Amino acid sequence: GYTLFLLFLANFLNVADRALLGIVIDPVKADLVLTDTQMSIVSGTAFVLFNLIMGIFIARWVDFGNRKRILILGVALWSGATALTGLATGFWSLGITRILVGVGEATAFPVAISMISDLFSAPRRPRSIAIFQASTFLGIVVGSILAGVLAAAHGWRAMFLICGLSGFA
């Protein structure tokens with residue numbers, strides 16, 4: 001149960017951090033003087049491409065590696081990259097942080113499914129996976145609300161720093 005809670009929390013942060021840029025896309029675009037094309041590349045293509053490609057390699061690593069360490073490395077990578085997003089100065093620095101967020105977040109799902117499969121018997125596994133998956137929807141909703149509140153109160157840069165650093169906790 002405790003491990004499932006930690007996996008739930010990791011995925012909650014994963015999805016919440018993933019949604020942050022979408023909440024503040026207009027202020028980021030204006031502040032960094034980016035085009036719509038540049039914003040679509042950093043907010044979608046860069047993240048998704050590296051998340052998908054690295055996800056395959058990370059899933060293979062999960063088969064043979066220490067899953068706990070892989071997840072800790074992933075959380076540290078995406079949390080650090082999320083925080084660094086608040087320091088972006090242009091297209092390339094924003095793009096690199098989004099790529100790193102994508103790579104880090106690619107660890108959560110394969111680690112979680114592998115661990116849940118080992119920890120829960122076949123009859124209890126569907127409920128455990130459903131509980132884990134609920135973190136996706138909670139992460140989107142709560143992360144979006146929190147991001148909006150933080151960005152309105154402190155600006156988009158501080159919002160990324162606060163949300164990113166919270167992952168280290």
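Helices (H or I, at least four residues) and strands (E, at least two) are taken as DSSP runs and numbered from the N terminus. By this rule the chain holds eight helices and zero strands. Its pattern along the sequence is α-α-α-α-α-α-α-α. The model is predicted: local features need pLDDT of at least 70, side-chain atom pairs count only at pLDDT 80 or more, and totals for chains, interfaces and linings use all residues. Residues are numbered from 1 along each chain as its sequence is written, and side-chain values use heavy atoms, with hydrogens and water left out.

The C-alpha trace spans about 50 × 30 × 25 Å along its principal axes. The radius of gyration is taken over C-alpha atoms, and the globule rule is 2.2 Å times the number of residues to the power 0.38. For 169 residues, a compact globule would have a value near 15 Å; the chain has 16 Å, which agrees. Accessible areas come from the Shrake-Rupley method with a 1.4 Å probe; for residues, only the protein chains shown count as cover. The accessible surface of the chain is about 8600 Å², and 73% of this belongs to carbon and sulfur atoms. A residue is buried under 20% relative accessible area, exposed over 50%, and partly exposed in between (1.4 Å probe, protein chains only). Of the 169 residues, 43% count as buried. Contact means heavy atoms within 4.5 Å. Among contacts with a separation of 6 or more, 79% join residues 24 or more positions apart.

A nonpolar core is a set of buried Ala, Val, Leu, Ile, Met, Phe, Trp, Tyr and Cys residues joined through side-chain atoms within 4.5 Å. The largest such core has 22 residues. Leu-7, Leu-71, Trp-78, Val-111, Ile-116 and Phe-132 have the most contacts inside it. Helix 1, helix 3, helix 4 and helix 6 each give two or more residues to this core. Another core, of 18 residues, lies apart from it and includes Leu-20, Phe-91, Ala-147 and Leu-150. Within the largest core, Leu-7 was examined further. Leaving aside neighbours within four places in sequence, Leu-7 is in contact with Leu-71, Ala-112, Met-115, Ile-116 and Phe-132.

Helix 4 and helix 6 were compared with ideal helix geometry. The expected span of a helix is 1.5 Å times one less than its number of residues. Helix 4 has 19 residues and reaches 27 Å from its first C-alpha to its last, close to the 27 Å expected. At its start, a side-chain oxygen of Asn-66 reaches to within 3.1 Å of the backbone nitrogen of Lys-68. The buried residues of helix 4 include Ile-70, Leu-71, Gly-74, Val-75 and Trp-78. Their cover includes helix 1, helix 3, helix 5, helix 6 and helix 8 (156-166). Helix 6 (residues 108-119) has twelve residues and should span 16 Å; its end C-alpha atoms are 16 Å apart, which agrees. Ala-108, Pro-110, Val-111, Ala-112, Met-115 and Ile-116 are buried in helix 6. These pack against helix 1 (2-23), helix 3 (36-64), helix 4 (67-85), helix 5 (91-105) and helix 7 (125-154).

Several single sites add detail. Thr-107 sits in the loop between helix 5 and helix 6. Thr-107 counts as buried because its relative accessibility is 4%. Beyond neighbours within four places in sequence, Thr-107 is in contact with Ile-58, Ile-70, Leu-71, Gly-74, Val-75 and Trp-78. Val-101 belongs to helix 5 and is buried, with a relative accessible area of 0%. With the same neighbours within four places set aside, Val-101 is in contact with Phe-47, Trp-78, Ala-81 and Thr-82.

Asn-11 lies in helix 1. Asn-11 has a relative accessible area of 5% and is therefore buried. A polar contact is a pair of N or O atoms within 3.5 Å; within protein, one must be able to donate a hydrogen and the other to accept it, and residues adjacent in sequence count only if both atoms are side-chain atoms. The side chains of Asn-11 and Ser-135 make one such contact (2.9 Å).

Val-33 lies in the loop between helix 2 (25-32) and helix 3. Its relative accessible area is 68%, so Val-33 is exposed. Most residues other than glycine have a negative phi. Phi of Val-33 is near 55°, a positive value.
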